[in-house]
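Me: Please take one part of this model, the packing of a few helices and what surrounds them, and go through it slowly for someone in the first year of study. I would like the terms explained as they come up.

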Amino acid sequence: MVKTQLVNFIKQIKRHIRLHQIGYGVVCCCGAAILILLLIADWFFPLPPPGHDSINVIVVAKDGTPLRAFPDRAHIWRHPVKLEAVSPYYIQSLIHYEDKNFWWHPGINPFSMLRAAYQWARYGRIISGGSTLTMQVARILDPTPRTVQGKLVQMFRALQLECHYSKKEILDLYMNFAPMGGVLEGVEAASRAYLGKPAKRLTHAEAALLTVLPQLPSVLRPDRNPHKAQAARDKVARRMQGVWSTADINDALSEPISALTVREPLLAPLLAQRMKGQYPGKLRIDTTINSIDQQTVETLLLDRVNVLPQRISMAAMVIENSTGEVVAYAGSADFTDRERFSDVDMVRASRSPGSTLKPFLYGFALDEGLIHSESLLSDTPQSFSGYQPGNFQQNFHGPVSVSEALVKSLNVPAVEVLDRLGPTPFVAMLRRGGLKLEFPKGATPNLSVILGGAGARLEDMVGAYSALARKGIAITPRFVAADPLQERRMMSEGAAFIVRDILETGGPVGRAVEGNGSYRGIAWKTGTSFGFRDAWAVGVSQRYTVGVWVGRPDGTPNPGFFGANVAAPLLVDIFTALPDGRNLSPNPVPANVQQEKICWPSGTRLSDLGQGVDIEQLCPLQRTAWTLNGIAPPTFPDRLQASTPQLTFFVDQQSGKRVLPDCAKHAYQQKQLIRWPAGLELWLDADLRQKSLPPEWDNACAASANYSDGNRLKIMGLNDGEVIRQANGGKLPEAKLELRGAHGEINWMLNGRLINGNGRNQTIKFSSAGRYDITAFDNLGNYDRIAVSVQMQ
């Protein structure tokens, strides 16, 4: 009996197993078929990629502040953001309110779907939704009608999403594409537009508000319907029991709704446009711009340009010296004013730099051993192979030092130094340091390059000037943090220090005079191009390099606009407004830079004269100079007088006049002095001339004196072939002349006619344009003649 029952039981078990096997097989076959159908459907109906229907680009500052948005055709503003850059309060409220089971369901929550279907069938309307966050993302990517068929498509898309994306990626998609009212999509765009802050800094109340906003984005906009928005927000906050503390919920409920008016960002607009073109296909471009500094610079430009005539624009750029990062960039003064060529980016435009290249010239000459900071230069009318530069103020200063020439931005001394250095090597040195000048097609570098005879861009100029604050190493401005650091040696550390110290303190003399207000905490140089077309100011402090340009982008002249009166004040304002913009004290002196006493006119050290010499004759003027690498080069050779600088002569001990040993009637004494450049002797004051020039010849030696020291009769003050131009609106031109090497009576002739006044010095006034022949001769028959041309306005 027992055995029979056992056998029957075993048979029943086998029969059930066979039945279950058949059922399992059917289930497995059905599941496999469904899976195959889903794979086929996924193959034939691929998931639309995020943002497939638009290209929405946003350019942001270093802290994430939007600079400018470039919306798609629907004018949607989207601000891409990652999960890590969003407040955890928002993630908590979103998951808890919208989809508590988000982290475990496969894209569809069957319990939520059944509950929603039951409520709909019972009450005839939707009581609660059954959509998961994944389904909401599916509807965003592939909008479907709110029908049963549309819901089925949405469920299929949700399954696709779960297969192709991780949960974190799906959440990222929701945070970036969820509708937030009007043209806004995504939590970051909404937070920036409505609340004026990044989503990373959302409070509990703000997180609840942005959580509920996508449900009815047009109805719940906090800037238009604050009462409805608050009611919806409070509903979310109350549901956060168990996730947030009671205190946090109460704080959220008590916080009033306050929203900004939605405006598209427009900060550094021309830079943003430039970056969009430079990084095609990139939806978010993170720049190095400091949003606060950018707002400061734009405000300063706007305040300044509003008092200037129409069509005048401005540009400014600021870089951080340590990194080369561009912290502020204004390509135009007012992006909304088309009358001021607001769409023209003058940071990138090639314009004549005026005198802003002079610091580099003197820095290169220091490195080449041609000058020291107090080398004697001639600011007098000169002709350099037919090129005759004049100064901006149409006047001359006579003998000047390198420091004075740089601080006063004198043109003739700069051309004199460039003539010694060479225009082509100068341009090559600039290019080596990263500053590429632009010349007209077929043109080659010449002496005019130092006065603006070539084109340069503001951004290149700022990068080059940074060398003065970076021990001689220039840096290429960086607009995106990922850009590589590019550095180039512009000049030596010592040369950079000397040039910067001259511009910042006035050099050794300026440092020595306490309380004179010469220390500015900034080293800057201005420039004005020919015809007042461009006004520049570029400067450095320890932390920043700043460049400013003012003018009309179409190149029209602006009479009365020059670097010192329109660009420099703005430059100083920018430095003052920037944090740590000015230096508190002068920079330390490098080891290879020394402060030494030097002599004028020789240009050499006072200590090199030795013992027992006549200091007043060999060193009539002493200057305190910066020397580089222990080199104190002598003054440039005289352009007008081909003779040795040191002159040995004899003086009659009774008359004090100059004699020669073979014609002296009394005892004589040998003396020495250092010649001043012939072009400068006319500019010396009376006391200095008496100390620096030999006395007049004794009559007994006059006949043999003409060529005793290698000189011939020479008219000084104008050069043969020189062109004299009347200044704009100025008085009639005149020339002060002196005759050298003459003895006895002197006569002057103008165009073959004797003119009034005899003597070494003669002033000639030119009353009309044309050619003038000027002749001077003495009673021994010696003469000199020059021809000049006069041009009137």
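Reply: What follows looks at two helix pairs, then at a covered helix, a loop residue and the nonpolar cores.

The model is predicted, and so local features need pLDDT of at least 70 and side-chain atom pairs count only at pLDDT 80 or more, while totals for chains, interfaces and linings use all residues. Residues are numbered from 1 along each chain as its sequence is written, and side-chain values use heavy atoms, with hydrogens and water left out.

Two packed helices are described by the angle between their axes and the distance between the axes. Here helices (H or I, at least four residues) and strands (E, at least two) are DSSP runs numbered from the N terminus, and axes are lines fitted to C-alpha atoms, for helices over the stretch in contact, with angles from 0 to 180 degrees between N-to-C directions.

The first pair is helix H2, residues 88-98, and helix H6, residues 167-177, which pack at an angle of about 100° with their axes 13 Å apart. H2 and H6 are therefore roughly perpendicular to each other, on a scale where angles under 35 degrees count as roughly parallel, over 145 as roughly antiparallel, 65 to 115 as roughly perpendicular and the rest as oblique. On the H2 side the contact (heavy atoms within 4.5 Å) is made by Tyr-90, Ile-91, Leu-94 and Ile-95, and these meet Leu-171, Tyr-174 and Met-175 in H6. Sorted by type, the residues of this contact are seven nonpolar, no polar and no charged, where Ala, Val, Leu, Ile, Met, Phe, Trp, Tyr, Cys and Pro count as nonpolar, Asp, Glu, Lys and Arg as charged, and the others, Gly among them, as polar.

The second pair is helix H4, residues 133-141, with helix H5, residues 148-164, whose axes lie 8 Å apart at an angle of about 105°. H4 and H5 are therefore also roughly perpendicular to each other. From H4 come Thr-134, Met-135, Val-137, Ala-138, Arg-139 and Leu-141, and they meet Lys-151, Gln-154, Met-155, Arg-157, Ala-158, Leu-161 and Glu-162 in H5. This contact divides into seven nonpolar, two polar and four charged residues.

In the loop between H4 and H5 sits Thr-144. At 17% relative accessibility Thr-144 counts as buried, given that buried means under 20% relative accessible area, exposed over 50% and partly exposed in between, with a 1.4 Å probe and protein chains only. Not counting residues up to four places away in sequence, Thr-144 touches Arg-139, Gly-150, Val-153 and Gln-154. Cys-163, by contrast, has a relative accessible area of 68% and is exposed.

We can now turn to a helix that lies beside the first pair. Helix H7, residues 187-195, is mostly covered, with nine of its nine residues buried, and among them are Glu-188, Arg-192 and Tyr-194. The elements that cover the buried residues of H7 include H2 and H6, together with strand S2 (66-70), strand S3 (77-78), strand S4 (184-185) and helix H8 (204-212). Just after H7, Gly-196 takes a positive phi of about 70°.

H2 also has a partner from a later loop. Val-243 lies between helix H9 (226-238) and helix H10 (246-254), and at 38% relative accessibility Val-243 counts as partly exposed. Although 154 residues separate Val-243 from Tyr-89 in sequence, the two are 9.7 Å apart in space, C-alpha to C-alpha. Leaving aside neighbours within four places in sequence, Val-243 is in contact with Gln-92 and His-96.

Finally, consider the nonpolar cores, each a set of buried Ala, Val, Leu, Ile, Met, Phe, Trp, Tyr and Cys residues joined through side-chain atoms within 4.5 Å. The largest has 83 residues, and those with the most contacts inside it are Phe-360, Phe-426 and Met-490; helix H18, residues 493-505, gives the most to this core, with seven residues. A second, separate core of 50 residues includes Ile-91, Leu-94, Leu-133 and Leu-195. Two of these names bring us back to the start, since Ile-91 and Leu-94 are among the H2 residues that meet H6.
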